[in-house]
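Reader: I am new to this structure and would like to look closely at one part of it. Please begin with a loop and go on from there to the charged pairs, the nonpolar interior and the packing of helices, explaining each term as you reach it.

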Amino acid sequence: MEQKVALVTGAARGIGFATAKLFLEEGWLVAALDRDGDALGPAVDELGQGASALVHDVSSPDQAQAAVAAAIEKFGRIDALVNNAGVADFGPIEETTFDRWRTVMATNLDGVFLMSQAAIPALKKTRGALLNIASISGLRASTLRVAYGTSKAAVIHLTKQQAAELGEYGIRANCVCPGPVRTKLAMAVHTQDIIDAYHDAIPLNRYGSEREIAEVIVFLCSDKASYVTGQVVASDGGFESTGVGLPALRK
Ligand code: NAD
């Protein structure tokens, strides 16, 4: 049987890297995409055989098309596209300039739209899967996340649009909403106060690991989830299901 191919964006580090690693362990080939070429080279070396580096920016329409073309040229097919590349910028509404807003939207929302659209012809051929990474910040509002949270809420809805429209081609579209994971992205915006508050509010009382998020992503892309589409799965230690949370009640 031909090996399956996953195109994973934002694969140079963090959740994307862990996802690429797990796909390889499960016998897939991986087109690992990142705009940070300096970080992607060593990351793909570490991933080893079966992984190939694509240095592209998902927020550019031309580069999204070029990235998909490069993945197909290398591997001949795409069975899953994981739209994981993301940026975080937390700030009050009044201090969020249009430039900051656009920077977040360009990668987190435009990037998912552009990469998915570019991959549709290939996914039609394999009856493949789209997997978009949103966030618990897209499931419920909280302070400082006007751009980030709005971009992620839009990704959740975009996933449902994709599932509605692409199901007739056998393409599934699902969304994973990670809770906090100690990646470079999170540590740049999580102060010690935020870290402590997450530990208090999360029923499992801890951050998640990259691997724990990757397990859900790879499952939803696999044939084991062949009748699952249009779904939003929070991998968040129970944070979302308990709402805002009242730490005082847990003491
Ligand atoms: P990270 O910063 O460790 O990795 C993100 C990668 O994406 C980087 O290698 C970066 O170079 C790449 N990237 C960013 N913009 C890009 C672009 N326009 N084109 C190509 N590559 C680009 O981040 P992470 O924490 O692993 O986050 C991965 C995803 O998970 C993001 O979508 C993020 O919003 C989401 N998420 C993370 C957390 C968390 O706590 N870490 C929580 C919820 C959601």
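Author: L144 is partly exposed, with a relative accessible area of 39%, where buried means under 20%, exposed means over 50% and partly exposed is in between, as found with a 1.4 Å probe on protein chains only. The model is a predicted one, in which local features need pLDDT of at least 70 and side-chain atom pairs count only at pLDDT 80 or more, while totals for chains, interfaces and linings use all residues. Residues are numbered from 1 along each chain as its sequence is written, and side-chain values use heavy atoms, with hydrogens and water left out.

L144 sits in the loop between α5 (136–139) and α6 (146–166); helices (H or I, at least four residues) and strands (E, at least two) are DSSP runs numbered from the N terminus. The phi of L144 is near 70 degrees, a positive value in a residue other than glycine. Most residues other than glycine have a negative phi. R127 also has a positive phi, near 50 degrees, and is likewise not a glycine. R127 belongs to the loop between α4 (98–126) and β5 (129–133), and it counts as exposed because its relative accessibility is 56%.

Helix α6, which follows the loop of L144, contains S151. S151 is buried, since its relative accessibility is 0%, and, leaving aside residues up to four places away in sequence, S151 touches V104, M105, N108 and L109 (contact means heavy atoms within 4.5 Å).

The charged pairs come next. Side chains of opposite charge can pair when their charged atoms come close. A salt bridge here is a side-chain nitrogen of Lys or Arg within 4 Å of a carboxyl oxygen of Asp or Glu, and by this rule the count comes to 10. One of them joins D57 and R35, whose closest N and O atoms are 3.9 Å apart. D57 lies in the loop between β3 (51–55) and α3 (61–75) and R35 in the loop between β2 (29–34) and α2 (37–47), so this pair ties together parts that are 22 residues apart in sequence.

D89 and R100 also meet in a salt bridge, at 2.7 Å from N to O. This pair links distant parts of the chain, 11 residues apart, with D89 in the loop between β4 (80–83) and α4 and R100 in helix α4. D89 is partly exposed at 24% relative accessibility, and R100 is partly exposed at 26%.

In helix α9 (residues 210–221), R211 and E215 are separated by about one helical turn, because they are four residues apart. The closest N and O atoms of their salt bridge are 3.2 Å apart. R211 counts as partly exposed at 34%, as does E215 at 39%. The two also belong to a network of salt bridges that links K21, E25, R211 and E215.

Helix α9 crosses α1 (14–25) with a closest approach of the axes within 8 Å and an angle of roughly 55 degrees; axes are lines fitted to C-alpha atoms, for helices over the stretch in contact, and angles run from 0 to 180 degrees between N-to-C directions. That makes α1 oblique to α9, since angles under 35 degrees count as roughly parallel, over 145 as roughly antiparallel, 65 to 115 as roughly perpendicular and the rest as oblique. The crossing is right-handed, meaning that the near helix is turned clockwise from the far one by less than a right angle, whereas anticlockwise would be left-handed. Among the residues of α1 that meet α9 are G14, A18 and F23, and those on the α9 side include I213, I217 and C221.

F23, I217 and C221 return in the interior, where, together with V82 and L131, they touch the most other members of the largest nonpolar core, a set of 32 residues. Such a core consists of buried Ala, Val, Leu, Ile, Met, Phe, Trp, Tyr and Cys residues joined through side-chain atoms within 4.5 Å. Its largest share, seven residues, comes from α1.
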